[in-house]
Amino acid sequence: MAAKAAARSIRRHVAKRTGSLNSNDWKHQMFDFEDDNITDLFASFPPIRGVPEESSPLTFRAVTIGVLLGSLVNASNVYLGLKTGFFFPATMFGAIFGYGALLFLTKSFSSIPFLGMEFGPQENSIVQAAATGAGGLAGLFVAGLPAMYKLGLLSDNPASDFGRLLTITFVCAFFGLFAAVPLRKFFIVNVARELNLVFPTATATAIAIRSMHSAGSGVKEAMSKIKALGISFCVAFTHIVVSQYADGILHNWYVFGWFYIWSGYSNMALAAHNWGWYIQLTPAFFGSGMLVGVNAALSWWLATLFAWGILGPILVHFKVAGGIPIGEGRWAGLISYNNMDSNGEDGALPSPRYWFLWPGVMVLIVYSLIELILHVRVIWDGLKFGIRSFAGAFVKPKPEQAVNQTFFEKQAAKAKREAEQCLDFAPRDQQVPIWIWLPGVLIMVIMACLVCKFQYNMNPGLALLALLLGLLFAFLSIYGCAVTDFTPLTASAKASQLVFGAATRGMDVKAAQRINLIAGNIASGTADVANNLTSDFRVGFLLRTPPHLQFYAQAIGTFVAVFLAPGIFVLFMTAYPCVWKDLTPEAQERCPFQAPSVHAWKAVAEAVTVDALPIPRSSGIFAIVVGLIAAAQALTKHFFLYGKREKYRKWLPNWMSIGVAWVLGVDTGYANAILGGSIATLLWRRYKPQYFEQYGYSVAAGLIAGEGLAGVVNAALAVGGLDGASRGSRIAIPGERW
């Protein structure tokens, strides 16, 4: 989400200099950023005038601050991921708040060594790297692992599985971290200019750090960003913690429930409420709307309108789908359409949510997989680079005019020429040593085989296949992030599930589902961590931060995340068992987490492992139709809408948003909030563009992080029986006594 804003910010900056917003203008383009002395976005930035050289940017205070900031983001992401399946990286959050924390220490403890010393952009980037590491791995705990509990593949108490959760998290984290090290030279140095690998979010972060450290108004602008972020963070945090005690007044406005009472119990008003039409005052998703843009937000809202305002009621009217009554007394007309019931043996109708689950999953898989396939050529480039690097490391190249060179000698000569053309600021002693990352990869491979065999009863050969898929998807995810700022982790996971569906054909269903979900976790977790480290390498490349120091900082942050993310997950599962248990429709309706990613992973695992999945025929036909439409759009965008026609891409619907809207279930609160945030941003940009450029991202990031952290506090209150459900008022909530 933040990535979209970063991409737009950079392109507008370039447009001021070049007069064009065409993304093709990035390729082989030199830019003249006179104010910053930046002349090329594919080369390291020159040193900032007046800023002394940093002898040792990897400091105890930088790593500590980064880990603390990343921990906040980690906690937020588990909450946000369980809400809607989305989460945001700690990249810009760590950069901006990290600057403020370092500045505070410098001014408040100037006489204390190691705390009050001056700092520069490289130490700032170390804070950001540690924050990125500590803020990662939440994706494992908002999708695949909860789905395993839904399917009964682990114990009936997540807390008792903490050891197993810890080991699989460790494998995903450090295999991805070690395996990403050799990818730096390929993606950041060798082919960045040739393949137009801009890394919009990482580049925006580097430019933001540089501008905050620039002479003149840099400090003043940085402090204004920090204040905006801090204020929005506190407002969101306070609102979410306090509003739970009067949920129907301060958090969720069930306007059609109000109309039902005011109109003398009109069935029409109650019907609108039954289909999930209400307003949710959610700072996080309002902030998300500020970042994702109007296209993604409007696609999400229109998909919601289509599902729960048009086709859903039609399905119920013609008895293709049905709901379950959950009210009594004057609320007897309350109906839940949000359960996950399929066609049962008693002839019960599938719920509208279950009916739309399959088209949603189909869209997410088809669109993202085609995008991956269309960019698979980068794998061939990577293989060539790997062969040449291997040859260059072990073969001494002969003079170019030699005619009797072997294949490897020729590849070594090409590697030498490429190295001469693509200059890296970091000398050999600043690179991550091979004796660290290569043994690390081998150790993680062995550990993965042992963990999968003894803790998840998974054949070591299948564990190796999962690791190989993780490397493949890491490669494609990094490329996707570098070009479009979109990290196709959903596609990685679903592709892995499809592969393992075939590999486990004929196995016991439960065993096949367990292997399917563990393999998907390994593949997506590896890709996520590798992408984060490579993006951080891009920040360091631009700011001339030694890559080995960035690696160490992110490794420390990742080590913390390995323990933090499972701990937060167990806290949420203890506080909200509705996420992973099969409950009554009434209890499920009150669950604060719809967990769309959990249901998507569960659905795919069932689809590829059972003989006869009860997909309603009409749902299956509709899923095929929308899948073909999504595929056609992806192909049209790639092969037709480029060059002068690229400007029409903004009018295409965002199929990822559409898929999420359908998987999320009968709920319009998030769609309304995200659309409201995007419209607010549109108006802000139009009438006060300079203020949005200065404060927009900071406000959005503060709103997202504030609600996320408040969600963790609310979970702790729920465990202690002090939350709004136990101590708050139920006034203005439909179905309750007012």
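## Buried or exposed?

A residue counts as buried when its relative accessible area is under 20%, and as exposed when that value is over 50%. Keep these two cut-offs in mind as you look around this predicted model.

Let's try them on Ser336, which belongs to strand β4, residues 335-336. Its relative accessible area is 1%, so Ser336 is buried. The side chain of Ser336 also has a partner: it reaches the backbone nitrogen of Asn338 at 3.3 Å.

## A mostly covered helix

Now find helix α7, which runs over residues 183-190. Of its 8 residues, 7 are buried, so this helix is mostly covered. Among the buried ones are Leu183, Phe186, Phe187, Ile188 and Val189. Arg184 and Asn190 are on the buried list of α7 too.

## Two helices that cross

Next, look at helix α2 (residues 60-84) and helix α22 (residues 547-575). Their axes come within 10 Å and cross at roughly 35 degrees. The crossing of α2 and α22 is right-handed.

Which residues make the contact? From α2 they include Val63, Val67, Ser71, Asn74 and Leu82, and from α22 they include Ile556, Gly557, Val560, Leu564 and Phe572. Sorted by kind, the residues of this contact are 14 nonpolar and 3 polar, with no charged ones.

## Cysteines without a bond

A disulfide is a covalent bond between the sulfur atoms of two cysteines. How many disulfides does a search of the whole structure find? The result is 0.

Cys449 and Cys452 help to show why. For Cys449, the nearest cysteine sulfur is that of Cys452, 7.1 Å away. To count as a disulfide, two cysteine sulfurs must be within 2.5 Å, so the sulfur of Cys452 is too far from that of Cys449 for a bond. Both residues are buried: Cys449 has a relative accessible area of 15%, and Cys452 has 1% relative accessibility.

## Positive phi in two loops

Finally, visit two loops. Lys319 sits in the loop between α14 (294-317) and β3 (324-325). This residue is not a glycine, yet it has a positive phi of about 60 degrees. Is Lys319 buried or exposed? Its relative accessible area is 63%, so Lys319 is exposed.

Asn457 lies in the loop between α18 (434-456) and α19 (460-484). Its phi is near 50 degrees, again a positive value in a residue other than glycine. With a relative accessible area of 54%, Asn457 is exposed.

Terms used
Residues numbered from 1 in each chain as written. Predicted model: local features only at pLDDT ≥ 70, side-chain atom pairs only at ≥ 80, totals over all residues. Heavy atoms only, no water. Buried < 20%, exposed > 50% of the residue type's maximum accessible area, 1.4 Å probe, protein only. Helix = DSSP H or I, 4+ residues; strand = E, 2+ residues; numbered from the N terminus. Polar contact = N/O pair within 3.5 Å; in protein donor to acceptor, adjacent residues only side chain to side chain. Axes fitted to C-alpha atoms, helices over the stretch in contact; angles between N-to-C directions. Left-handed = near helix turned anticlockwise from the far one by under 90°. Contact = heavy atoms within 4.5 Å. Nonpolar A, V, L, I, M, F, W, Y, C, P; charged D, E, K, R; others polar.
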